[in-house]
Amino acid sequence: MILPSPKVSTRVSGLFAAHFFGFGLFLPFLPVVLEFRGLSAEDIGFILGAGTITRIAASPLLANIADRTGQRRLAILIYSLAGAAFIGLFSGPAEIILIGTAVIGYMVFQSPVLPLSDAYALDVARNTGTDYARMRLWGSAGFVAATLAGGALAAQATNWLILVFIAISALMTGLVAMSMPSQKRADRTGMPETPEQAAPFATVWFWPVLAVFGLFQASHAAFYGFGTLYWQAMGVPDFTIGVLWAIGVVAEIGLFAIAGRLPIRMDPPMFLLVAGIAAVIRWGLFPFADTFVSMAALQLLHGLTFGAAHLGSLAILAKVVPSRWSGTGQGLLATSIGIQMAIGLGVCGALYETSPDLPFYLMAAVAAVGVLMVLALTPLMRRQMAADG
């Protein structure tokens, strides 16, 4: 399907790095920029909430358009240019309607970029033997670099540069995508598709499996939403909190670097089981970690709770979803994660008001349910992987 060149894996790595650099600026620092633009906390929450809902709906639809046309590289370019254009609206008057349009538009058009990038990278891995995880780790590295840069630019006098770099990141993502080899639409075997292959998302078994994939990532909701606040309430210095976040991302990068050499790589459901067990331990013990060493030790588990779940989910999707529909499959995975994460954040917010410890206990319970569901679905997943592989 792909006409590889010796440097295609390098370009895919650059694609992930460019995209995640922008995401690493947008996610933590956009609220800071909006606050400096005069928006209230209520306005910021409304805009980001509306953008999240719209993004969840748009991701599989925009990814599916790219799959149907067979033009993933061009789609990434167009969506990236559109995202940069919406960021450009910040140069206009600081009115809530214009700013809201800029934020929501950017979130919508950036939503399919990662699913399409993952789909392209998985095709490269299938057809050239390149390790997907080693390409993907550069996305995590880009995210870390962005958080460091954003921290330096978050002051009132320089926060506008955050918007500039977000737009540049989007443009670079599109340019890197177009530098990569094109993909052909023909199936690798040249054989006609079965009805299930032609419409894999119409099968009943696919949806509970997709729900489990999203469940493992949604088990991070308490941490993403309230982890920093929890540590601040414990008196942990802001610099130390930043170090703890960085430890988690470094652990994730470490797993991606060695994943291709792990024995369990041949059995993706095992990645999910390991991720779920690690999540039960991490979130169950989170309220008891009261020293830097214990907090850092639990943060090291992020390599498993996020990284192993991500690799397991993508490896299974790569087996059961035909390459032609890979972008749509990744878009649906992003939607599954987004919906469950949104629900998790809402529930955790209510629980946090009652007791700050409760959200983390809930996440441990959610992860335990995920482990049981994986155990129940593993025979089905293995059977489908063997049939479609």
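1. A polar contact is a pair of N or O atoms within 3.5 Å, and within protein one must be able to donate a hydrogen while the other can accept it. Keep that in mind for D123, whose side chain makes such a contact with the side chain of R126, at 2.3 Å. One caution before going on: this is a predicted model.

2. Where does D123 sit? Its place is in helix α5, which covers residues 113-128. Is D123 buried or exposed? Buried means under 20% relative accessible area, and D123 comes in at 0% relative accessibility, so it counts as buried. So when you look at the side-chain pair of D123 and R126, remember that the D123 end of it is buried.

3. Next, have a look at A75, in helix α3 (residues 72-88). A75 has a relative accessible area of 8%, so it is buried too. Which residues does A75 touch, leaving out those up to four places away in sequence? They are A66 and L116. As for distance, A75 and A365 are 290 residues apart along the chain, and their C-alpha atoms are separated by 39 Å.

4. M172, in helix α7 (residues 160-179), makes a useful contrast. With a relative accessible area of 41%, M172 is partly exposed, whereas A75 is buried. Going from M172 to G235 takes you 63 residues along the sequence and 40 Å through space, C-alpha to C-alpha.

5. Now for a helix pair. Helix α10 (residues 221-233) packs with helix α15 (residues 326-354) at an angle of about 40 degrees, and their axes are 7 Å apart. On the α10 side, the residues are A221, A222, Y224, G225, F226, L229 and Y230; they meet M341, G344, L345, C348, G349 and Y352 of α15. Sorted by class, this contact has 10 nonpolar and 3 polar residues, with no charged ones.

6. Stay with α10 for the cavities. How many cavities of 30 Å³ or more does a search of the whole structure find? The answer is 2. The second largest has a volume of about 30 Å³. Its lining is made up of Y230, W231, M234, F286, A289, M295 and L298, and both α10 and α13 (292-300) supply at least two of these residues each. By class, the lining has 7 nonpolar residues, with no polar and no charged ones. Notice Y230 in particular: this residue lines the second largest cavity and is also among the α10 residues that meet α15.

How values were computed: Residues are numbered from 1 along each chain as its sequence is written. This is a predicted model: local features need pLDDT of at least 70, side-chain atom pairs count only at pLDDT 80 or more; totals for chains, interfaces and linings use all residues. Side-chain values use heavy atoms; hydrogens and water are left out. Axes are lines fitted to C-alpha atoms, for helices over the stretch in contact, and angles run from 0 to 180 degrees between N-to-C directions. Helices (H or I, at least four residues) and strands (E, at least two) are DSSP runs, numbered from the N terminus. Contact means heavy atoms within 4.5 Å. Ala, Val, Leu, Ile, Met, Phe, Trp, Tyr, Cys and Pro count as nonpolar, Asp, Glu, Lys and Arg as charged, and the others, Gly among them, as polar. On a 1 Å grid over the protein atoms alone, a cavity is a set of points where a 1.4 Å probe fits but cannot get out, and a pocket is an open set with protein on both sides within 12 Å along at least five of seven lines; lining residues have an atom within 4 Å of a point. Grid points are joined across faces, edges and corners, and a volume is the space filled by probe spheres set on the points. Buried means under 20% relative accessible area, exposed over 50%, partly exposed in between (1.4 Å probe, protein chains only).
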